[in-house]
Amino acid sequence: MSESAAPAEVSMDAIVALSKRRGFIFQSSEIYNGFNGFFDYGPLGSELKKNIRDCWWDDMVRRRDDVVGLETSIIMHPKVWEASGHVDGFTDPLVDCKASKQRYRADQLFFAAVEVTALKADLELEYADLVKHHGTVPPSVREKYFETKTIGYVSALESERTAQELDEKARELKRKLGVRGEIFGFKMRDMTEAAPEEIALIPSPATGEPGSLTPPRSFNMMFQTNVGAMTDGSSVAYLRPETAQGMFVDFKSVVDTGRVKLPFGIAQIGKSFRNEITPRNFIFRSREFEQMEMEYFIHEDADWAQAHQDWIQWCWDWLRSIGLPESHLSLFEHEKAKLAFYSRGTTDIMFKYPFGVQELWGIAARGNYDLTQHAKASGKPQDIFDEATKKKFVPHVIEPAVGVDRILLAVLCAAYAEEQVTDEKGNTETRTVLRLSPRIAPVKVAVLPLLKNKEVLTDRAKALYKKLQRRYAVFYDEAGAIGRRYRRQDEIGTPWCVTIDFDTIEKEGDTFTLRERDSMAQRRITEQELFQLLDEAVY
């Protein structure tokens, strides 16, 4: 991505349209009208997703001496989830609309009381006389003549326009009721903050009418299944809602076989499943998703705050290395009062999506809670012997956890741009371009013979294409005008196009025209220089 300026604002509609048009992401089971909360990754999307995974794995595991990899099963013993607290506590607050049968996450359904300040009817003449003789009326005196009353409630689902939508609905309610006066600045709250007496007064987003919303209740988000031939309580199991517990359960196995010493990490990439109440914002919140998590184990006496900060910085730098702009990143530190009782601190790296600033990567200091819970539930100690103190202890852990899908959506949003360009004939057109980092771009180089009916050009182009194909994801295209072929590659994020032209064949040096995606600048390059460029940029 270009670092000369922050990416322009982009709409989710544009991202969704591009994703389908160019084969990045499709709605799952689309021929059956789709399946809410599930998505398929097309040819380019699966390549982009794999590149993100590979970059993370290379940087997190292969290029570090203190992190090892692991792959655990999606379905584990149900006692794993009892010990971790997921069976009892992995819930979201749910609100039902009895009229429409719609369901909402309570912390994503916002409401506000509409309060209107107006002049008391029986004091209008007195107040008008006061203003006439004294001009400006002091606030302390003004209070006597005005009253503020609640005329109703408005509601809206969480989005980048929530506050604006509530304001618009408040003004519409005031107009509909024919109430005089000015709307007093309202306080926006979510449904988990609603008082019992307010719930019946809050309108449903589906119907716009009050009286149909239920009080929030807990909803367990784990997908339940059955293992074996029986379907009774003894066969109940769960699709994992996170990959982390697999690393805690296998902790001792890794210690005993992996020749690891504290501090060290265990990393994993894998699918997780959560029965989200309201999956939304495309692939940002879905019911099947992929996680990249790492559990970094430290001594119980180690400086956990410094270790936590070090991993926050590592995660930030890694996001920058795959092209996310600093202008779209920020940090959010969770309030101590809202942390889980065992947590020492959690910081989220936030990203500015088109639908608002949202969590991208969470880095949590979890203490020794997870290993301790599994030791108690299984009866198997999860401690380590300290040679220095000759004592056993349970290590503490720092956990950076991120979703592949959220990163993929972030890079698409940050990379997408539309710009006006002028061709060699002076014609102006709109160029759609994905300024993806070469590290993760689904196609690294497009090889283009200038003309498809000149065998001398196509043969040389195919020879280069086959050689590049041994190491990189490349694309061969000989159909259409060269400018149109450039535009097709711009739209899928290909960093470079190599054109085999007559200078390649007729002049000494065997050079090609290298066209750069972001600047659209062109220069001559040899095959050796091309491989050197790719070796430095794609790592």
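This briefing walks through one mixed sheet, the helices across it, and a few individual residues. The model is predicted, so local features need pLDDT of at least 70 and side-chain atom pairs count only at pLDDT 80 or more, while totals for chains, interfaces and linings use all residues. Residues are numbered from 1 along each chain as its sequence is written, and side-chain values use heavy atoms, leaving out hydrogens and water.

**The sheet**

- Seven strands form an open sheet with mixed pairing, in the order β3-β13-β14-β20-β17-β16-β15. Helices (H or I, at least four residues) and strands (E, at least two) are DSSP runs, numbered from the N terminus, and two strands pair if DSSP finds at least two bridges between them.
- The edges belong to β3 and β15 (329-333); each has a single partner strand, so one side of each has no neighbour in the sheet.
- On average, neighbouring strands of this sheet are turned by 25° against each other, direction ignored. For such angles, axes are lines fitted to C-alpha atoms, for helices over the stretch in contact, and the angles run from 0 to 180 degrees between N-to-C directions.
- β15 runs antiparallel to β16 (residues 345-353), and five bridges join the two. Phe332 stands opposite Asp348 in β16.

**Helices across the strands**

- Helix α11 (residues 304-321) lies across β14 (288-298), β15, β16, β17 (356-367) and β20 (396-403), at about 145° to β17. Contact here means heavy atoms within 4.5 Å.
- Helix α13 (residues 404-415) lies across β14, β16, β17 and β20, and runs at about 40° to β16.

**Residues to look up**

- Where is Arg285 found? Look in the loop between β13 (264-273) and β14.
- Arg285 counts as buried because its relative accessibility is 13%; buried means under 20% relative accessible area, exposed over 50%, and partly exposed in between (1.4 Å probe, protein chains only).
- Leaving aside residues up to four places away in sequence, Arg285 touches Arg105, Gln108, Glu276, Thr278, Pro279, Arg280 and Arg406.
- Ala377, in helix α12 (residues 369-378), counts as exposed because its relative accessibility is 51%.
- Ala377 and Ala194 are 183 residues apart in sequence, and their C-alpha atoms are 37 Å apart in space.
- Ile74 sits in the loop between β3 (67-69) and α3 (78-84). With a relative accessible area of 31%, Ile74 is partly exposed.
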